Amino acid sequence: MDQKLQVAGTQSQLEMGSLAANESSHEFEDESLFSPESVIQKMQLGHISEYGSAPGGFQPGGSKMWKNVVYKSIKTVVFSNKLNVLIAFGPLTMLVHILTGHNGSVFLLSLLGIIPLAERLGYATEQLAMYTGPTVGGLLNATFGNATELIIAIYALRNGMIRVVQLSLLGSILSNMLLVLGCAFFCGGLVFYRKEQVFNKASAIVNSGLLLMAVMGLLFPAVLHFTHTEVHYGKSELALSRFSSCIMLGVYAAYLFFQLKSRKDPYIPLSEDESQNRENEGDNDETPEIGKWESVIWLLIMTAWISVLSEYLVDAIEGTSHAWNIPIAFIGVILLPIVGNAAEHAGAIMFAMKDKLDISLGVAIGSSTQISMFGIPFCVVVGWIMGKPMDLNFQLFETATLFITVIVVAFFLQEGSSNYFKGLMLILCYVIVAASFFVHEDPPPEEKSLTP
């Protein structure tokens with residue numbers, strides 16, 4: 001019995017010794033695995049495989065790795081969307097401008113070339129917002145959400161085409177409120193025709209209030225001008241416009257603070273169940289497709305390319321009006337907003353067809369609020385800096401059109417539900433607006449300076 005115990009003890013000691021030897025060998029291997037060189041290499045490969053790019057603090061081993069990163073980034077951003085076929089119209093615009101100089105062709109080609117760039121600009125902004133968090137991401141979306149319209153407006157403002165600036169920004173508001181929202185209601189209603197889609201009525205009321213405040217800011221300078229009740233003719237109207245613009249920018253900043261800080265997500269219905277919240281959290285838990293610095297670089301590239309084509313677009317507007325025999329008001333209010341709103345239009349319809357009407361509402365009405373409370377006052381301030389007399393007097397016809405549109409849309413949103421018939425009515429309202437501007441002749445600039 002004692003011998004058996006001794007033999008068992010000897011075997012256990014041998015086993016423990018072999019285990020210790022194995023542990024020491026594993027420790028040696030672990031030390032080699034966790035050496036600084038191997039750790040850096042693993043972090044590089046892991047980051048590149050997950051995000052498609054190497055982080056700023058790491059230097060890849062060779063140029064081949066960087067070539068793969070660049071190739072993957074171009075493939076993801078440029079070749080992943082069929083709409084990007086229209087990017088070829090950008091260089092074609094320059095070629096036609098140099099060879100023929102035909103304003104109508106240059107305008108049409110540049111219009112088509114900007115459409116995919118506007119969509120990719122929004123894509124790069126969304127990718128960058130995934131790295132910055134909800135607060136900074138919301139500010140980025142607020143800044144670059146209507147970057148295309150602002151770039152076109154600034155180029156037109158620099159050339160002294162103040163009416164083109166006013167008409168294009170007004171047209172973007174009308175397009176978002178009537179056409180984009182109407183198509184979202186209509187397509188969503190057709191998919192879910194057996195029920196009424198619902199959305200957060202509280203957020204819709206807040207945006208409607210901001211739009212009515214924007215109408216107030218545009219209405220008073222126009223009334224002051226056409227009633228000839230200015231204290232100092234030609235100066236009081238401009239001073240009132242600049243003062244009101246500063247107030248509107250302050251209100252929009254307060255709205256952003258309220259939206260980003262006071263409420264986590266203003267476009268989630270208040271009556272939504274916890275189970276639906278969990279499902280939405282799973283759907284919204286997306287991973288970025290490109291790296292942070294890749295997003296910044298693509299953002300700069302798209303902005304620069306849009307700026308180049310915007311210059312050709314703005315320079316060809318007057319010639320296109322004469323060549324096609326259509327009013328500049330129709331070009332500014334109807335045709336130009338198609339460029340900036342193409343991506344928003346598609347996105348709003350897509351979300352409505354997935355029964356995510358709150359997001360569609362945020363795209364359409366939120367964009368209108370952004371242009372009216374930020375885009376227009378921003379252009380007035382920029383014109384002030386440039387020495388251009390950009391004001392909030394959009395003329396009576398344009399201001400009345402905006403006022404009626406805001407009232408109509410506010411009535412449609414007050415119930416907090418939608419169907420395809422409401423969408424059809426909004427689309428037909430936009431058709432009436434488009435026909436009105438097609439037969440509307442913008443008054444010449446000389447009439448504005450006439451005084452009794």
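Guide: In this predicted model, contact means that heavy atoms lie within 4.5 Å.

Visitor: With which residues is Phe186 in contact, once its neighbours within four places in sequence are left aside?

Guide: Phe186, which is found in helix α8, is in contact with Tyr420, Gly423, Leu424 and Ile427, its neighbours within four places in sequence being left aside. One of these partners, Tyr420, is 234 residues from Phe186 in sequence, yet the two are 3.9 Å apart in space, taken from C-alpha to C-alpha.

Visitor: What makes Phe186 partly exposed?

Guide: The relative accessible area of Phe186 is 25%, and partly exposed covers what is neither under 20% nor over 50%, so Phe186 is partly exposed.

Visitor: How do you know that α8 and α15 are roughly antiparallel to each other?

Guide: Helix α8, residues 162–191, and helix α15, residues 357–386, pack at an angle of about 170°, with their axes 9 Å apart. Angles over 145 degrees count as roughly antiparallel, and therefore α8 and α15 are described in that way. By class, the contact of α8 with α15 has 16 nonpolar and seven polar residues, and no charged ones.

Visitor: Why are α16 and α17 called roughly antiparallel to each other?

Guide: Helix α16, residues 396–413, and helix α17, residues 420–438, pack at an angle of about 175° with their axes 12 Å apart; since the cut-off is over 145 degrees, α16 and α17 are therefore roughly antiparallel. The α16 side of the contact is made by Phe397, Glu398, Thr401, Val409 and Phe412, and the α17 side by Lys422, Met425, Leu426, Val433, Ser436 and Phe437. By class, that contact of α16 with α17 has seven nonpolar, two polar and two charged residues.

Visitor: How do you know that Cys183 is in no disulfide?

Guide: A search of the whole structure finds zero disulfides. For Cys183, the nearest cysteine sulfur is that of Cys187, which is 6.0 Å away, whereas a disulfide needs a pair of cysteine sulfur atoms within 2.5 Å, and so Cys183 does not meet the definition.

Visitor: Why does Cys183 count as buried?

Guide: Cys183 has 14% relative accessibility, and buried means under 20%, so Cys183 counts as buried. Cys429, by contrast, has a relative accessible area of 27% and is partly exposed.

Visitor: What makes Asn325 exposed?

Guide: The relative accessible area of Asn325 is 69%, and exposed means over 50%, so the word applies to Asn325. Asn325 lies in the loop between α13, residues 317–324, and α14, residues 328–353, and its phi is near 60°, a positive value in a residue other than glycine.

Visitor: Why is Asp355 called partly exposed, and where is Asp355 placed?

Guide: Asp355 has a relative accessible area of 31%, which is neither under 20% nor over 50%, and therefore Asp355 is partly exposed. Its place is in the loop between α14 and α15, and the phi of Asp355 is near 65°, again a positive value in a residue other than glycine.

Visitor: How many helices and strands are there in the chain, and what share of its residues count as buried?

Guide: The chain has 17 helices and two strands, and of its 452 residues 45% count as buried. Among contacts between residues at least 6 apart in sequence, 81% join residues at least 24 apart.

Note on methods: Residues numbered from 1 in each chain as written. Predicted model: local features only at pLDDT ≥ 70, side-chain atom pairs only at ≥ 80, totals over all residues. Heavy atoms only, no water. Helix = DSSP H or I, 4+ residues; strand = E, 2+ residues; numbered from the N terminus. Buried < 20%, exposed > 50% of the residue type's maximum accessible area, 1.4 Å probe, protein only. Axes fitted to C-alpha atoms, helices over the stretch in contact; angles between N-to-C directions. Parallel < 35°, antiparallel > 145°, perpendicular 65-115°, else oblique. Nonpolar A, V, L, I, M, F, W, Y, C, P; charged D, E, K, R; others polar.
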